[in-house]
Amino acid sequence: MSTTTIEFATEFSQFPAGRYRSDGPFPGEAFRDDLLEPRLREFDVVVVNLEGAMGYGSSFLEEAFGGLVRQGKFTAEALHKKLRFRSEEDPSLIDEVWLYIDAVQS
């Protein structure tokens, strides 16, 4: 089984913000489309290390993660098998991400 880790703060940004590309340089849409989805397609398991960013807005998280299901790219069930998260700084962040993924009706 192939596994990769996305080091969020160094591979994407320490300052994620917004939902859409029009919202600024580091929105959820860009993270999802440019980094997360390609890795999910290439690897069996993707670990997203959320450490090191200066906070995550709900619109960013919903678009980046919930958007995978909403847009029909993956089912929530598939994401539960493929996605792992690391966030010792704020463990509740992981629960929040799963809420966005599971709230979307695929």
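**Helix packing and selected residues in the predicted model**

In this predicted model, arginine 39 touches Thr4, Thr5, Ile6, Glu11 and Val46, leaving aside residues up to four places away in sequence. Arginine 39 belongs to helix 2, which spans residues 28-42. Its relative accessible area is 18%. Buried means under 20%, so arginine 39 falls in the buried class. The side chain of arginine 39 also reaches the backbone oxygen of threonine 5, at 3.5 Å.

One of the contacts of arginine 39 is Ile6. Isoleucine 6 sits in strand 1, residues 3-7. Its relative accessibility is 0%, and isoleucine 6 therefore counts as buried. Its neighbours, again without residues up to four places away in sequence, are Glu11, Phe31, Leu35, Leu36, Arg39, Val46, Val47, Val48 and Asn49. Valine 46 lies 40 residues from isoleucine 6 along the chain. The C-alpha atoms of the two are separated by 7.2 Å. Val46 is also touched by arginine 39.

Helix 2 packs against helix 3. The axes of these two helices come within 9 Å and cross at roughly 35°. The crossing is right-handed. On the helix 2 side, the contact is made by Gly28, Glu29, Phe31, Arg32, Leu36, Glu37 and Leu40. Helix 3 contributes Phe60, Glu63, Ala64, Phe65, Gly67 and Leu68. The residues of this contact divide into 7 nonpolar, 2 polar and 4 charged. Phe31 and Leu36 of helix 2 take part in this contact, and both also touch isoleucine 6.

Helix 3 (residues 58-70) also meets helix 5 (residues 92-103). Their axes come within 8 Å and cross at roughly 50°. The two helices are therefore oblique to each other. Helix 3 passes helix 5 in a right-handed crossing. From helix 3, the contact draws on Ser58, Leu61, Glu62, Phe65, Gly66 and Val69. From helix 5, the residues are Leu93, Glu96, Val97, Tyr100 and Ile101. By class, this contact holds 7 nonpolar, 2 polar and 2 charged residues. Phe65 of helix 3 is part of the contact with helix 5 and of the contact with helix 2.

Glu62 is one of the helix 3 residues in the contact with helix 5. Glutamate 62 has a relative accessible area of 13% and is buried. A polar contact of 2.7 Å joins its side chain to that of arginine 70. With residues up to four places away in sequence set aside, glutamate 62 touches Arg19, Gly67, Arg70, Tyr100 and Val104. Of these, Tyr100 belongs to the helix 5 side of the contact. Gly67 appears in the contact of helix 3 with helix 2.

Proline 25 offers an exposed example. This residue lies in the loop between helix 1 (8-11) and helix 2. Its relative accessible area is 67%. Exposed means over 50%, so proline 25 is placed in that class. Phenylalanine 15 is 10 residues away along the chain. The C-alpha atoms of proline 25 and phenylalanine 15 are separated by 9.2 Å.

Notes
Residues numbered from 1 in each chain as written. Predicted model: local features only at pLDDT ≥ 70, side-chain atom pairs only at ≥ 80, totals over all residues. Heavy atoms only, no water. Axes fitted to C-alpha atoms, helices over the stretch in contact; angles between N-to-C directions. Helix = DSSP H or I, 4+ residues; strand = E, 2+ residues; numbered from the N terminus. Parallel < 35°, antiparallel > 145°, perpendicular 65-115°, else oblique. Left-handed = near helix turned anticlockwise from the far one by under 90°. Contact = heavy atoms within 4.5 Å. Nonpolar A, V, L, I, M, F, W, Y, C, P; charged D, E, K, R; others polar. Buried < 20%, exposed > 50% of the residue type's maximum accessible area, 1.4 Å probe, protein only. Polar contact = N/O pair within 3.5 Å; in protein donor to acceptor, adjacent residues only side chain to side chain.
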